[in-house]
Amino acid sequence: MWKEENNTLYKKFEFENFSEAFAFMTRVALEAEKMNHHPLWTNVWSKVEIWLSTHDAGDIITEKDRKLANLIDGLL
């Protein structure tokens, strides 16, 4: 479940290994690029953390972030 914190939508994902985490990030990157809406994220081995906010709206959560969050959940 996505959490609202510090004007972002946040979620942590855990995978079996680095390859699965990286494959997930690749799928997210392709969808984010289509939307021209790019996440702040980190990856350490099998963990991916994502923070979403809309920079051109003043770094707040917008419908654009909610749409990308739903797309990301669909990529699992």
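I take helices as DSSP runs of H or I with at least four residues and strands as runs of E with at least two, numbered from the N terminus. This is a predicted model, in which local features need pLDDT of at least 70 and side-chain atom pairs count only at pLDDT 80 or more, while totals for chains, interfaces and linings use all residues. Residues are numbered from 1 along each chain as its sequence is written, and side-chain values use heavy atoms, with hydrogens and water left out.

Entry one, aspartate 65. I found aspartate 65 in helix α2, residues 63–74. Aspartate 65 is buried (under 20% relative accessible area, against over 50% for exposed and partly exposed in between, with a 1.4 Å probe and protein chains only). I looked for a salt bridge (a side-chain nitrogen of Lys or Arg within 4 Å of a carboxyl oxygen of Asp or Glu) and aspartate 65 has none, the nearest side chain of opposite charge being arginine 66 at 7.3 Å (Lys and Arg count as positive, Asp and Glu as negative, and His and the chain ends are not counted). Setting aside residues up to four places away in sequence, I list its contacts (heavy atoms within 4.5 Å) as Leu9, His37, Leu52, Ser53, Thr54 and Ile60.

Entry two, the core. I traced the largest nonpolar core (buried Ala, Val, Leu, Ile, Met, Phe, Trp, Tyr and Cys joined through side-chain atoms within 4.5 Å), where, of 18 residues, Trp2, Phe13, Phe24, Val48, Ile50, Leu52 and Ile72 touch the most other members. The helix α1 gives the most to this core, with six residues.

Entry three, tryptophan 45. I placed tryptophan 45 in the loop between β3 (40–44) and β4 (47–52), and tryptophan 45 counts as exposed because its relative accessibility is 55%.
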